[in-house]
Amino acid sequence: MGLYGALVVALMASLSSIVLGERRLFIRDLPEPKTRCRNTVQGLNMVTDDHGVVCKRSDLSYSTGCCTSGNQHDCALCDMRDRCCSEYESCVSCCLAPQHNAVSIAKQALRSPRHKDSGFWGDPFEYCKGICRTHSRSTAHENAYISSRHHCFSQLGRPMLSDPLPAGVMDGVEVVTGQRNANCDDVCAAKQKKCSADHLRWLSSCDRLREQFGCEAGCEVVAGLGPSYVDGNAPKPARPAMCFAQPAEGGKLSCSAREEQHLMLCPCK
C-alpha cells in the first residue's frame, strides 16, 4: 500500500470515528470583540469618549478608543446657567449627561440651524460634538471670544456675561428694536405704546443686546450710550455693528435719548 496509502486510510478512519460519534468535538465560543468607543480625537491634553467619560490623553486606550479612567458626564468646567464650558471636551461630556436629554434633542436638532436640508444629528454623541464647537455667536470681532466659556450646548449657543433677568420683571413689556436715529419714545409711539424708562435698565446689558442684535463688532459698556446697536452700514468712525450698554450705576436712562446711526433697544408698554 505504501506510506501514502496508509496515511489516507488512517485519515478516513479518523473522520469515520468523528461521524460515528466515537470522538467528541469541542467547539469553543469565539471571543467577543472588545468594546470600542468613538471619541473627540483632537484634544491635545483631554479626550471624551461616546460614553461621556472625559480623561487625560494618557488614559485613552488607543486599541478601543475608550477612556480607561476619568469622570463621566463631568460638568465641573461648565456653568449651568447658560450651559457653556471653558473646555471643549468638558462640554461634550456634560452635554451627554442624561439630565440634558441629548438623546431626544439630537433627533430633532438640525446640523445647521435654519437649514432643513442639512439633516438631523440623530446620534447624541455627534450632536454634542457638533454643538460644543466654537462658532460666530460666541465671538466678537470674529477674532476674540465673548468669554473663556465659549463651548456651549445651549439653544442660545453663547455665554452669558450677566445674571438672567429676574422672573416677571418684563411682564407686560414688549421689547422693540428701533429704527436708525429714532429714540424710544418715538419707537413705542409707533406701536401705540409708551416707553417705560423704568425698564430700560433691564435692557442695558450686552446679554440683552445680543439677544436682539448681532453685535458682530462686539459690545461695550459706556456711560451715556445705549442700549443700542450701530447700523451695520454706518460710516467706520461710528463703529458699525457695535453694541453699547450703559453701566448699572450710570443713573436713570431716558426714553428720549438717541444717537446718530444707532438703533435703540426699547421697552414698550
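The pLDDT is the predictor's confidence in each residue, on a scale from 0 to 100, and it is a useful starting point here, since the structure above is a predicted model. Across the protein chain the pLDDT averages 85, and 84% of the residues score at least 70. Over residues 15–21, however, the pLDDT is below 50, and this stretch has 4 contacts in the model beyond near neighbours in sequence. Where pLDDT is low, the predicted coordinates should not be read in detail.

With that caution in place, the reader can turn to the strands, beginning with E1 and E2. Strand E1, which covers residues 46–48, runs antiparallel to strand E2, residues 53–56, and 3 bridges join the two. Within this pairing, Val47 stands opposite Cys55 of E2. The hairpin that E1 and E2 make has 4 residues between the strands, and in this hairpin Gly52 takes a positive phi near 85°. Strand E2 is also joined by 2 bridges to strand E3, residues 71–72, and these strands again run antiparallel; here Val54 has Asn71 in E3 as its bridge partner.

Further along the chain, 3 strands form an open sheet with antiparallel pairing, and their order in the sheet is E4-E5-E8. Strand E4, at 78–79, and strand E8, at 151–152, are the edge strands, each of them pairing on one side only. Strand E5, residues 84–85, is joined to E8 by 2 bridges, the two strands running antiparallel, and Cys84 stands opposite Cys152 in E8.

The loops between strands hold some less usual backbone geometry, and a general expectation helps in reading it. Most residues other than glycine have a negative phi, and most peptide bonds are trans. Arg83, which lies in the loop between E4 and E5, has a positive phi of about 55° although it is not a glycine. With a relative accessible area of 30%, Arg83 is partly exposed, because that value falls between the limits of 20% for buried and 50% for exposed.

Another arginine with a positive phi is Arg239, where the angle is near 65°, and this residue is found in the loop between E11 and strand E12, the latter at 243–245. Arg239 also counts as partly exposed, at 36% relative accessibility. On the other side of E11, the loop between strand E10 (219–221) and strand E11 (228–230) contains Pro227, and the peptide bond that joins Gly226 and Pro227 is cis, with an omega of about 5°.

Technical notes:
Residues are numbered from 1 along each chain as its sequence is written. This is a predicted model: local features need pLDDT of at least 70, side-chain atom pairs count only at pLDDT 80 or more; totals for chains, interfaces and linings use all residues. Side-chain values use heavy atoms; hydrogens and water are left out. Two strands pair if DSSP finds at least two bridges between them. Contact means heavy atoms within 4.5 Å. Buried means under 20% relative accessible area, exposed over 50%, partly exposed in between (1.4 Å probe, protein chains only).
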